[in-house]
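Got the viewer open? Keep a selection box handy, and we'll go from stop to stop.

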Amino acid sequence: MQHWARRLEQEIDGVMRIFGGVQQLREIYKDNRNLFEVQENEPQKLVEKVAGDIESLLDRKVQALKRLADAAENFQKAHRWQDNIKEEDILYYDAKADAELDDPESEDVERGSKVSTLRLDFVEDSNFKNKVNYSYTAVQIPTDIYKGSTVILNELNWTEALENVFIENRRQDPTLLWQVFGSATGVTRYYPATPWRAPKKIDLYDVRRRPWYIQGASSPKDMVIIVDVSGSVSGLTLKLMKTSVCEMLDTLSDDDYVNVASFNEKAQPVSCFTHLVQANVRNKKVFKEAVQGMVAKGTTGYKAGFEYAFDQLQNSNITRANCNKMIMMFTDGGEDRVQDVFEKYNWPNRTVRVFTFSVGQHNYDVTPLQWMACANKGYYFEIPSIGAIRINTQEYLDVLGRPMVLAGKEAKQVQWTNVYEDALGLGLVVTGTLPVFNLTQDGPGEKKNQLILGVMGIDVALNDIKRLTPNYTLGANGYVFAIDLNGYVLLHPNLKSQTTNFREPVTLDFLDAELEDENKEEIRRSMIDGNKGHKQIRTLVKSLDERYVDEVVRNYTWVPIRSTNYSLGLVLPPYSTFYLQANLSDQILQVKYFEFLLPSSFESEGHVFIAPREYCKDLNASDNNTEFLKNFIELMEKVTPDSKQCNNFLLHNLILDTGITQQLVERAWRDQDLNTYSLLAVFAATDGGITRVFPNKAAEDWTENPEPFNASFYRRSLDNHGYVFKPPHQDALLRPLELENDTVGILVSTAVELSLGGHTLRPAVVGVKLDLEAWAEKFKVLASNRTHQDQPQKCGPNSHCEMDCEVNNEDLLCVLIDDGGFLVLSNQNHQWDQVGRFFSEVDANLMLALYNNSFYTRKESYDYQAACAPQPPGNLGAAPRGVFVPTIADFLNLAWWTSAAAWSLFQQLLYGLIYHSWFQADPAEAEGSPEARESSCVMKQTQYYFGSVNASYNAIIDCGNCSRLFHAQRLTNTNLLFVVAEKPLCSQCEAGRLLQKETHSDGPEQCELVQRPRYRRGPHICFDYNATEDTSDCGRGASFPPSLGVLVSLQLLLLLGLPPRPQPQVHAHASRRV
């Protein structure tokens, strides 16, 4: 077998030496040494420069934010409240007006809205990826808020003056994107104006629930939610509580910590979390699922619930926010005030706020609930029906904002958010936020107002930050990344745009963006702590196609970005310390090399693919490389490579590499007969963006990415020494390869390493494309006892055919498998169409043996950014679930028609008509995103790579009478494993099949992960206490009884099967007058 292995190694090496052109390309670079310079990437200088540029970019946004916040406070202070303001008095652009006019069932169409809505013209703007109008602002008002209420009309009145400030900000900084004021009343005014993205179903957008608003409106929170599950809480009330808890969880961000418990006579956590945990997306999902399992039984025991909550908040042995502390209690009512508990745990300092929620329709005395909230600096809310849930589970933020408002200028600090998906289509953004305070006085005295008016925000697209990072000088495997105090990435090549649910923040941890190890944990901690650092590590990286894992060396360098909570890192492989910079001052040579980009030269010089980079501002992009090349050539006929509108570095390097790869055709390829060695093509790809494929006809079947930096073969070749085989990608679910057209090939590539002036660099990759079928035949010959390739093997007394991959292929299996465990070649003809599949799908028994004998090892990880098709909905009954059905006697009783219970029932049924599934409307569908067919999910990924065994190895697959002997040996200077094994004699010993395919997963066990939380730091500022805070406004029972006529009419419509639109509800407190 070792003899066969040497023959295989020699054959591969011989072909690559003759056709690969590695040596010839080295000589070409040396011959053209005067046409380029070797430049150095100095990591520390690079990362400090980029950090400084990002700081400057964000600082310009900060100045604009401060101007807006100051102006808003002054405008509101000067505004005179109007009790008699009417809808027709207000003129503004309603961002949802066009969609509502197109909808005959719109509430404004039904009511004949008197609001004077502007009709605007819009122009397409590539910066916003949207149609905009720069002369006006747009207003978005949540669906469940009545646009004609006095509070909203006054809000629209005074915020109109912000329009001129928005416009002036843009004049001073034309790069500004969305400028937004999110009001505590729910009104959003943003600039420039653009139509709201019309949802397919009900629009649930409320600015007060956006990550940037929550982060800007209050300091971090430690929250314990306790839910009364005594026997009196049943049916509709319990469902309301479950939904309320889920909505409450959505008001928390990753800077917050939370736990949820249920109580009756005893208190217990609803989930496996026994202490406060970070309110990240995955932990909140655990809570939401656990809450649905709550069952009502027993008697009410407030004492048990509150003692549990206070114990949770006093636990100092865990990571937590260490700022605002609060208890949120949901109950249907009770008489006990548990004063002794408050005296023991919370008085006299009252460091924990208590918020109480009376849920459902009942006749209990709510005075004890009001007292609890008022005695502990909290607030009392009522949730009689589903329509009151969203507003009443977010208004507590007003109370938490009081210390911030009272702190005045000290609290006016800009905060930068986590990454999230912009609701208006910008993609991934971060937002600078600044709270806006009410500066008016509550009365004739000097009593200071405690209300937060809202939050001012300015978006910065991640793409704008990326433009400040080095483009192509870092090489294919070098990159810049940035993280925040939570360890979440702000920049990273593995960060994907989120298209499934824009309501969730994009929280990809650095250790999930890369393959986690101890060195990276140490780097992450240092970055979060705001330190500078540099470290060279040996680590694992996934290939671009996520099929392979390579062990590589990387240099990490990092610095903090001043005036922000971000830290910036730079990753460089050692071979990317230096790079080439073309110096084509000779215009005649420029023209000569440029001509080799013309399609007319392809027949003799091979086909050229150019990387779709931004070479010039006026270059039209295209996904079709032929069309992109055409656009490029047309532009180059109008401008020169030295034009100011072009990136001279990119253009010069592209043209230089065009000439260099053409010389490779002359010296190595043109005079060779590829058919002699059964080659379909030869190719070269370069850092400069050129991929040249020879001969020209081979380009028809070239499927690799025209951007070398995005081509898996290119990046893997740079990271691996020797020849890297890449079989065609095959999925187990797809049909086998079709070999009839003789175009199925196996790529073999290797990096070209140069040594120039003592500097080592790898500016190109060259390779060949093997004809699969011809090389499968060649493989059988090389792994046989044949002494001459053209002489057929004869079996006789002096020959040993039992160990021969050609003659004895009925009993002997001979295969080449790559380092990822994928089949490359086989002596079995029926397996040729399975080339490219994971070998466990071909021979599960043998692959398991190779894994068990350490030829392969496995790396498992999770993709938290995956999008999955939605699960089919359950409970497809025609009616809402669990609804109280009135009796005939009820219908005949006029008192029932005017009761709160009837009105509550009406609301439930009405909301049930809006939501396809009661209390569980899919956020993606509710928001109406075009991608609502998919939802975010977690996928488990498994990659295999070579283990510790390097030598030749023999072993037996023990299976009784069905045992198999196999031999395995690595081929030197390749990523191949040569395996010879006996074919299985019987099938009684089927082994478990190793899986490589990505599978749906719930991710790692969250209950275990929270016991060892990853290191993080909260925001540096905390405003949770102010001695002058007035806590007298602590809630009261308030209801908005409908008129008898309206109620009876709408109820009859409902009973007749004519679904009406809901009457708008005024969700604003009297104290919200601004």
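## Start at the sulfurs

Select Cys272 and Cys1007: the two form a disulfide, with their sulfur atoms 1.6 Å apart. Bear in mind that you are looking at a predicted model. A disulfide is a covalent bond between the sulfur atoms of two cysteines. Turn the view along the S-S bond and you'll find -75 degrees about it, which makes the link of Cys272 and Cys1007 left-handed.

Now colour what sits on either side. Cys272 belongs to the loop between β11 (267-269) and β12 (277-278), while Cys1007 is in helix α31 (residues 1006-1009), so this pair ties together parts that are 735 residues apart in sequence. If you'd like to hunt for others, the count of disulfides comes to 5.

## Two helices crossing

Next, show helix α1 (residues 2-20) together with helix α25 (residues 772-782). They pack with their axes 9 Å apart, at an angle of about 140 degrees. The roughly antiparallel class takes angles over 145 degrees, so α1 counts as oblique to α25.

Which residues make the contact? On the α1 side, put Trp4, Arg7, Leu8, Glu11 and Val15 in sticks. On the α25 side, add Trp775, Lys778, Phe779, Val781 and Leu782. Colour this contact by class and you get 7 nonpolar residues, 3 charged and no polar.

## Into the cavities

Time to switch on a cavity display. How many cavities of 30 Å³ or more does a search of the whole structure find? It finds 9.

Go to the largest cavity, with a volume of about 250 Å³. Its lining has 25 residues, and to centre your view, select Tyr579, Leu580, Asn653, Asp687 and Pro763, the closest to the cavity's centre. Then bring in β25 (578-582), α23 (648-669) and β31 (759-771), each of which supplies at least two residues of this lining. By class, the lining of the largest cavity breaks down into 15 nonpolar, 6 polar and 4 charged residues.

The second largest cavity holds about 140 Å³ of space. Select Val180, Tyr205, Trp212, Asp422 and Asp459 here: of the 16 residues in the lining, these lie nearest the centre. Show β8 (188-191) and β19 (452-461) as well, since each supplies at least two residues of the lining. The largest share, 3 residues, comes from β19. Colouring the lining of the second largest cavity by class gives 10 nonpolar, 3 polar and 3 charged residues.

## Backbone oddities

Last, hide the side chains and look at the backbone. Most residues other than glycine have a negative phi, and most peptide bonds are trans. Here are three spots to check against that.

- **Tyr191 to Pro192:** this peptide bond is cis, with omega near -5 degrees. Look for Pro192 in the loop between β8 and α8 (211-217).
- **Phe694 and Pro695:** a cis peptide bond joins them, with omega at about 0 degrees. Pro695 is in the loop between β28 (690-694) and α24 (712-719).
- **Val338:** not a glycine, yet its phi is positive, at about 40 degrees. You'll find Val338 in the loop between β13 (324-331) and α12 (339-345).

Key: Residues are numbered from 1 along each chain as its sequence is written. This is a predicted model: local features need pLDDT of at least 70, side-chain atom pairs count only at pLDDT 80 or more; totals for chains, interfaces and linings use all residues. Side-chain values use heavy atoms; hydrogens and water are left out. Axes are lines fitted to C-alpha atoms, for helices over the stretch in contact, and angles run from 0 to 180 degrees between N-to-C directions. Helices (H or I, at least four residues) and strands (E, at least two) are DSSP runs, numbered from the N terminus. Angles under 35 degrees count as roughly parallel, over 145 as roughly antiparallel, 65 to 115 as roughly perpendicular and the rest as oblique. Contact means heavy atoms within 4.5 Å. Ala, Val, Leu, Ile, Met, Phe, Trp, Tyr, Cys and Pro count as nonpolar, Asp, Glu, Lys and Arg as charged, and the others, Gly among them, as polar. On a 1 Å grid over the protein atoms alone, a cavity is a set of points where a 1.4 Å probe fits but cannot get out, and a pocket is an open set with protein on both sides within 12 Å along at least five of seven lines; lining residues have an atom within 4 Å of a point. Grid points are joined across faces, edges and corners, and a volume is the space filled by probe spheres set on the points. A disulfide is a pair of cysteine sulfur atoms within 2.5 Å.
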